[in-house]
Amino acid sequence: MEQVLLIRYGEISLKGKNRHQFERRLLQNVKDALKGLEPRRIELAYGRMYVPLKENAEAVIERVKKVFGIVSVSVAAVVPLEIEAICEAALQQFNQVKEGETFKVETQRPYKQFPLQSPEISRRVGGYLLKNTGNWKVDVHNPDVTVNVEVRQEGAYVYTNKIPCLGGLPVGTTGRAVLLLSGGIDSPVAGWMGMKRGLEIVGLHFHSFPFTSERSKEKVIDLARKISAYSGKVKLYVNHFTEIQKAIRKNCPEQYYVTIMRRMMFRIADRICRQEEAKAIVTGESLGQVASQTLESMGVINEVTKIPVLRPLIALDKLEIIDYAQKIDTYDISIQPYEDCCTLFVPKHPAIRPKLEPVQKAEEALDIEGLIQESVDKTEVLVIYPD
Ligand code: ATP
Ligand code: MG
């Protein structure tokens, strides 16, 4: 029996031109996600997508489940438009159900030429199932199992399963953003959340070789690879931050190291945003976690850029962030013990509520433009694809 993966999508609020753009992008993203799994013709009809399934159904489903914008999927049998074939397919699908006592049949009939009407189809299929199965009963209000029949011009689709997916918006539909990607737990989750709302993410990592090892860079590449499974690919800038850190350490008061370092990061992110035509910066900051995450700190750090800074984790507790990190499979990489450039740079008494003026004053000792230009010139650009 021929099988297809039926894909449901859509934020209900989308209308007109937006809807069209959403669909086109989603179709492209599904195609990209299935690259390498032999060519498949993906059909788009009546606000659904249909992917033919062959022997590698599992792999197809795993990949489709990571495409943002999809609400749920079902594996459906496709049969000719005859009631006997529909009943037979329903029985086959039903026999794969492991648990339950009650069921109902729900029919949709967008193809009105089919001679039987929806209630009659449901009745016939239900009767056939009752006759050919054990102790099942019909319960139309609160069934354990729903057998779905959809009668369309090209055939009847029959399925009993519905796998919930991630929802969100197709990556690329809301624009591009630069993600400050450290090797920590938080920023990959923040990037993933940005993707969920349709952002195309460009990663930016600050690397302080030889203070941080080559392996700590590999770790960030591994993280970028994990989140690229949700977007097809991730472009990653690796910025060499060593000279900037040295200059700060040499010329600025210790209590402002972190504030000034983070202002430099934001300045460079601002630069990369302009290069990439990205309209936002995304960080893994949350409120009150560390010294640089007080409102006062964020204010002083944010002051160097006019580009909106998105902080998707702002209201999450660490444990909630860890849950997400485990779900998207970045956690085990993040906890590997390779030092981040920030951890090497933590003063004994950082200013927890810095004021703008003394920080600006302290920065006068730096050749800010020169330092930024030098590090931007040495930036490596990588394109990371999923495994
Ligand atoms: P994370 O777990 O993401 O490292 P964190 O809780 O350790 O976050 P900080 O180290 O203060 O917090 O960093 C806050 C945010 O700044 C990070 O989430 C990330 O977006 C950005 N950031 C920090 N270090 C780097 C780095 N080396 N390269 C790029 N971005 C960084
Ligand atoms: Mg960190």
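Begin by selecting P337, which lies in the loop between α11 (331-334) and α12 (356-363). The model on the screen is a predicted one. Is P337 buried or exposed? Its relative accessible area is 75%, and because exposed means over 50%, P337 counts as exposed. Next, add S216 to the selection. S216 and P337 are 121 residues apart along the chain, yet their C-alpha atoms are separated by 8.7 Å.

**The whole chain**

Now clear the selection and display the complete chain. How many helices and strands does the chain have? There are 13 helices and 15 strands. Turn the C-alpha trace along its principal axes: the spans are about 85 × 35 × 35 Å. The radius of gyration may be considered beside these spans. A compact globule of 387 residues would have a value near 21 Å, whereas the chain has 27 Å.

Colouring by burial is a useful next step. Buried residues account for 52% of the 387 residues in the chain. With the surface displayed, the exposed area is about 18900 Å², and carbon and sulfur atoms supply 51% of that area. Then colour the charges. The chain has 53 positive and 49 negative charges, and the mean positions of the two sets are 4 Å apart. As for contacts with a separation of 6 or more, 80% of them are made by residues 24 or more positions apart.

**Helix α8**

Select residues 257-276, which form helix α8. What span should its 20 residues have? At 1.5 Å a residue, the expected value is 28 Å, and the end C-alpha atoms are indeed 28 Å apart, so the two agree. Of the 20 residues of α8, 17 are buried; therefore the helix is largely enclosed by the rest of the structure. Proceed to E277, just after α8, where the backbone takes a positive phi of about 50°.

While a helix is in view, one general point is helpful. An α-helix has 3.6 residues a turn, so residues three or four places apart point the same way.

**M193 in helix α5**

Finally, select M193, which is found in helix α5 (residues 186-196). M193 has a relative accessible area of 15%; because buried means under 20%, this residue is buried. Which residues does M193 touch, not counting those up to four places away in sequence? They are P312, L313, L316 and Y324. To end the tour, add V282: the C-alpha atoms of V282 and M193 are separated by 9.7 Å, although the two residues are 89 residues apart along the chain.

Terms used:
Residues are numbered from 1 along each chain as its sequence is written. Chains are lettered from A and ligands numbered from 1 in the order in which they are written. This is a predicted model: local features need pLDDT of at least 70, side-chain atom pairs count only at pLDDT 80 or more; totals for chains, interfaces and linings use all residues. Side-chain values use heavy atoms; hydrogens and water are left out. Helices (H or I, at least four residues) and strands (E, at least two) are DSSP runs, numbered from the N terminus. The radius of gyration is taken over C-alpha atoms; the globule rule is 2.2 Å times the number of residues to the power 0.38. Buried means under 20% relative accessible area, exposed over 50%, partly exposed in between (1.4 Å probe, protein chains only). Contact means heavy atoms within 4.5 Å. Accessible areas come from the Shrake-Rupley method with a 1.4 Å probe; for residues, only the protein chains shown count as cover. Lys and Arg count as positive and Asp and Glu as negative; His and the chain ends are not counted. The place of a charge is taken as NZ of Lys, CZ of Arg, CG of Asp or CD of Glu. The expected span of a helix is 1.5 Å times one less than its number of residues.
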